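I sat down with this one to see how its strands and helices are put together. Here are my notes, in the order I looked things up.

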Amino acid sequence: MTHELHEIPPVFDEHSRILILGSFPSVKSREARFFYGHPQNRFWKVLAAVTDQETPRTIPEKKEFLLRNGIALWDVIASCDIQGSSDSSIRNVVPNDLSEILRKADIRQIYANGGTAFRLYRKYTYPAVGKEAVRLPSTSPANAACSLEKLTEQWSVIREFLIGES
């Protein structure tokens, strides 16, 4: 168990309409210094399928993809004790402050990527911001029971708020 700081800044701009929150970056994401850096995580493939666009590969492509579609991206946790990438090991949570994103962007809906992000959001963030989040199934490789097709189907609810979709 090590104490880790979240060092990846949020991605958003004034046109962002949805905010997707993970729990805390995996070891691979912390090494890559960007969100969903594990090659087996299906986050980028799911978003590409939902938007009917090419899967972004590089960090600049991923940032541009998010902003082009009105998607803000960050995590619930600013720091915590964690063992590797295990969400179940998370202890001593300090939440991220979402106020800057919510003040500067036109966030119409918040989505949590998986049960841990949703639970942590409800516990630490909801009381501060008063804005409900929608729980989506985790794109993590640990959620192997959920196929890419099923993830894409369930994540398609975000289309309602994407730039160019509404």
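Which strands form an open sheet of three, and in what order? I kept in mind that this is a predicted model. The order I read is 1-4-5, and the pairing is antiparallel.

**Entry 1: the antiparallel sheet**

I looked at the edges next. They are taken by strand 1 (2–5) and strand 5 (91–95), each with a single partner strand, so one side of each has no neighbour in the sheet. From one strand to the next I noted an average twist of 10°.

Then I followed the pairing of strand 1 with strand 4 (residues 77–82). The two run antiparallel and are joined by four bridges. To fix the register, I looked up E4 and found its bridge partner in strand 4 to be C80.

**Entry 2: the parallel sheet**

I turned to the other open sheet, which has four strands in the order 3-2-6-7 and parallel pairing. Strand 3 (71–75) and strand 7 are the edge strands here, each pairing on one side only. Ignoring direction, neighbouring strands of this sheet are turned by 25° against each other on average.

I went through two of the pairings. Strand 2 (residues 18–22) runs parallel to strand 6, with four bridges between them. For the register I noted L19, whose bridge partner in strand 6 is I110. Helix 5 packs on this sheet and touches strand 2, strand 6 and strand 7, and its direction makes about 160° with that of strand 7.

Strand 6 (residues 109–113) and strand 7 (residues 133–136) also run parallel and are joined by four bridges. At this pairing I found N113 opposite L136 of strand 7.

What kind of unit do strand 6, helix 5 and strand 7 make? I wrote down a β-α-β unit, right-handed, with helix 5 covering residues 115–129.

**Entry 3: helix 2 against helix 6**

I moved on to the helices. Where do the axes of helix 2 (residues 43–51) and helix 6 (residues 148–155) stand relative to each other? They come within 9 Å and cross at roughly 60°. The two helices are therefore oblique to each other. I also noted the hand: helix 2 passes helix 6 in a right-handed crossing.

I then listed who makes the contact. From helix 2 there are F43, K45, V46, L47, A49 and V50, and from helix 6 there are L148, L151, T152 and W155. Sorted by class, the residues of this contact are eight nonpolar, one polar and one charged.

**Entry 4: helix 2 against helix 3**

Helix 2 has a contact with helix 3 (residues 59–68) as well, so to speak my last stop. The axes of helix 2 and helix 3 come within 12 Å, crossing at roughly 40°. That makes helix 2 oblique to helix 3.

Is the crossing of helix 2 with helix 3 left-handed or right-handed? I found a left-handed crossing here, whereas helix 2 passes helix 6 in a right-handed one.

On the helix 2 side I listed W44, L47, A48 and T51, which meet K62, F65 and L66 in helix 3. This contact has five nonpolar residues, one polar and one charged. I marked L47 in my list, since I had already written it down for helix 2 in the contact with helix 6.

Key. Residues are numbered from 1 along each chain as its sequence is written. This is a predicted model: local features need pLDDT of at least 70, side-chain atom pairs count only at pLDDT 80 or more; totals for chains, interfaces and linings use all residues. Side-chain values use heavy atoms; hydrogens and water are left out. Axes are lines fitted to C-alpha atoms, for helices over the stretch in contact, and angles run from 0 to 180 degrees between N-to-C directions. Angles under 35 degrees count as roughly parallel, over 145 as roughly antiparallel, 65 to 115 as roughly perpendicular and the rest as oblique. A crossing is left-handed if the near helix is turned anticlockwise from the far one by less than a right angle, and right-handed if clockwise. Contact means heavy atoms within 4.5 Å. Ala, Val, Leu, Ile, Met, Phe, Trp, Tyr, Cys and Pro count as nonpolar, Asp, Glu, Lys and Arg as charged, and the others, Gly among them, as polar. Two strands pair if DSSP finds at least two bridges between them. A crossover is right-handed if, with the strands pointing away from the viewer, the path from the first strand over the helix to the second runs clockwise.
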